[in-house]
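The following paragraphs offer a guided reading of a single protein model. Please keep the sequence and the structure in view while reading.

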Amino acid sequence: MGGGLGYHGFEKAFGRRLSRLPYKAPGLFWGVLEPMGRARGWCVVRDAEAAGSGMIEMDDVFFERVYEQVRRVPAGSVCTYGTIAELAGYPKASREVGFAMSRVQRGWNLPCHRIVNAKGTLAPTYAFGGHRVQRQLLEEEGVTFVDDETIDMARHRWPPLDEPSGPEQLALPLG
């Protein structure tokens, strides 16, 4: 298991001081906040072998690829953070996708309400104006629930589990 470089290792590796963001990724997340509030930086994932170098650069390409996959989720369906990460070409980066989703501005017209955790539960109360708002948006699209906060993932998961979902089938081209 890879543990990453840590704060001082990043300073040495990148030759500059990096700030710790108030965000807990599946390892450590270090980066700098730009004036417009978009985060840039690097996330060190726990399983470095599975993630190649063990580092994900959260740059404009990362955000654009995540948001493009979110746009593809059809009305009446939901997708998990982990699936969005895989489709965008960043396996094991579900928390980073969640971070990217938290940066979406109202005017971007992204169907963020369709992205849920792996269990199919609604977002925390600070997102979308609360559970009721997200639930209402999903119900208006025909999404059904098995209880007050849990989506019927068997009926509404996108892409369905029987369809190919690897990055090579559905992700955006790299160039």
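Helices, in the sense used here, are DSSP runs of H or I with at least four residues, and strands are runs of E with at least two, both numbered from the N terminus. With this convention, K92 can be placed in the loop between α3 and α4. The model is a predicted one, and the confidence attached to its parts deserves attention before the details.

The average pLDDT of the protein is 74, and 61% of the residues reach a score of at least 70. Residues 1-39 have a pLDDT below 50, and this stretch makes 84 contacts in the model beyond near neighbours in sequence. Towards the other end, pLDDT remains under 50 across residues 167-175, where the model shows 18 contacts beyond four places in sequence. Helix α7 is assigned to residues 167-170.

The overall architecture comprises 7 helices and 6 strands. In sequence order, these elements give the pattern α-β-β-β-β-α-β-α-α-β-α-α-α. The protein has 175 residues, of which 41% count as buried. Its accessible surface amounts to about 10,000 Å², and carbon and sulfur atoms account for 50% of that area. When contacts between residues at least 6 apart in sequence are considered, 54% of them connect residues at least 24 apart.

Which residues have the most contacts inside the largest nonpolar core? They are F62, F63, V66, Y67, V70, I84 and I115, in a core of 24 residues. At least two residues of this core come from each of β4, α2, α3 (81-87) and α4 (94-102). Helix α2 provides the largest share, with 5 residues. A second core, separate from this one, consists of 8 residues, including V78, V116, L122 and F145. In soluble globular proteins, nonpolar side chains tend to be buried together.

Just before α2 lies a residue of another kind. D59 occupies the loop between β4 (55-58) and α2 (60-72). Is D59 buried or exposed? D59 counts as buried because its relative accessible area is 17%, below the 20% cut-off. The side chain of D59 comes to 3.0 Å from the backbone nitrogen of F62, and F62 is itself among the residues with the most contacts inside the largest core.

Several backbone features in loops also merit inspection. K92, although not a glycine, has a positive phi of about 70 degrees. N109, in the loop between α4 and β6 (115-116), is likewise a residue other than glycine with a positive phi, near 55 degrees. Because its relative accessibility is 68%, N109 counts as exposed. Further along the chain, the peptide bond from W158 to P159 is cis, with omega near -15 degrees. P159 belongs to the loop between α6 (153-156) and α7.

A last stop is helix α5, which spans residues 131-140 and contains Q136. Q136 counts as partly exposed because its relative accessibility is 46%, a value that falls between the 20% and 50% cut-offs. Although Q136 and H113 are 23 residues apart along the chain, a separation of 9.7 Å lies between their C-alpha atoms.

Key. Residues numbered from 1 in each chain as written. Predicted model: local features only at pLDDT ≥ 70, side-chain atom pairs only at ≥ 80, totals over all residues. Heavy atoms only, no water. Buried < 20%, exposed > 50% of the residue type's maximum accessible area, 1.4 Å probe, protein only. Polar contact = N/O pair within 3.5 Å; in protein donor to acceptor, adjacent residues only side chain to side chain. Core = buried A, V, L, I, M, F, W, Y, C linked by side-chain atoms within 4.5 Å. Contact = heavy atoms within 4.5 Å. Areas by Shrake-Rupley, 256 points an atom, 1.4 Å probe, with all protein chains shown as cover. pLDDT = per-residue confidence, 0-100.
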